[in-house]
Amino acid sequence: MKMYLINFKAEPTKGSEQYESSGGAYVDIIVSASSLEEAESKAQSYIIDYHWVVIKTRAAFELLPKHLSQMDTTALDTY
């Protein structure tokens, strides 16, 4: 398995707690998967689970050690 970072533009649906207060967000999701396609599918499922909808995939790539050194330490602690 490899680690991937997927960035989406997403908006809340009527079923979301954020529907009235948010017009949308840019969402970063780090996923473990065997391919980029599988990673994107898993990441979209996570967004759907929170009653949001993906508007657009903005970026999707395999995370390499050089990327980890560029990430904010707060973000790394989360994952």
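Start with the aromatic rings: the count of aromatic pairs comes to zero. Keep in mind that this is a predicted model.

**Stop 1: a ring and a charge**

Select Tyr26 and Arg58. Arg58 lies over the face of Tyr26. The distance from the ring centre is 4.0 Å. Leave both residues displayed, as they return at a later stop.

**Stop 2: the whole chain**

Zoom out and colour by secondary structure. The protein chain holds three helices and three strands. Trace the chain from the N terminus: the elements run β-β-α-β-α-α.

Now show the surface. About 5400 Å² of the protein chain is accessible. Carbon and sulfur atoms hold 51% of that area. How much of the chain is buried? Of its 79 residues, 24% count as buried.

Contacts come next. Take those in the protein chain with a separation of 6 or more: 66% of them join residues 24 or more positions apart.

**Stop 3: the sheet**

Hide the surface and select the strands. They form an open sheet of three strands in the order E2-E1-E3. The pairing is antiparallel. Which strands are at the edges? Strand E2 (25-33) and strand E3 (52-62) are the edge strands, and each pairs on one side only. Look along the sheet: neighbouring strands are turned by 30° against each other on average, direction ignored.

In general, strands of a sheet pair through backbone hydrogen bonds, either parallel or antiparallel.

Focus on E1 and E2. Nine bridges link E1 and E2 in the antiparallel sense. Pick Ile6 to see one bridge partner: in E2, Ile6 is matched with Ile29.

**Stop 4: the helix on the sheet**

Add helix H1 (residues 36-49) to the view. Helix H1 packs on the sheet and touches E1, E2 and E3. Compare directions: that of H1 makes about 130° with that of E2.

**Stop 5: Asn7**

Return to strand E1 (residues 2-12) and select Asn7, which lies in this strand. Is Asn7 buried or exposed? Its relative accessible area is 10%. Buried means under 20%, so Asn7 counts as buried.

Now show what surrounds Asn7, leaving aside its neighbours within four places in sequence. Asn7 is in contact with Tyr26, Val27 and Asp28. Asn7 also contacts Lys56, Thr57, Arg58 and Ala59. Tyr26 and Arg58 are the residues from the opening stop, where Arg58 lies over the face of Tyr26. Display Asn7 with these two to end the tour: both are among the contacts of Asn7.

Definitions and conventions:
Residues are numbered from 1 along each chain as its sequence is written. This is a predicted model: local features need pLDDT of at least 70, side-chain atom pairs count only at pLDDT 80 or more; totals for chains, interfaces and linings use all residues. Side-chain values use heavy atoms; hydrogens and water are left out. Helices (H or I, at least four residues) and strands (E, at least two) are DSSP runs, numbered from the N terminus. Buried means under 20% relative accessible area, exposed over 50%, partly exposed in between (1.4 Å probe, protein chains only). Contact means heavy atoms within 4.5 Å. Accessible areas come from the Shrake-Rupley method with a 1.4 Å probe; for residues, only the protein chains shown count as cover. Rings of Phe, Tyr and Trp (its six-membered ring) pair if their centres lie within 6.5 Å; planes under 30 degrees apart count as stacked, over 60 as edge-to-face and the rest as tilted. A charge sits over a ring if NZ of Lys or CZ of Arg is within 6 Å of the ring centre and within 35 degrees of the ring normal. Two strands pair if DSSP finds at least two bridges between them. Axes are lines fitted to C-alpha atoms, for helices over the stretch in contact, and angles run from 0 to 180 degrees between N-to-C directions.
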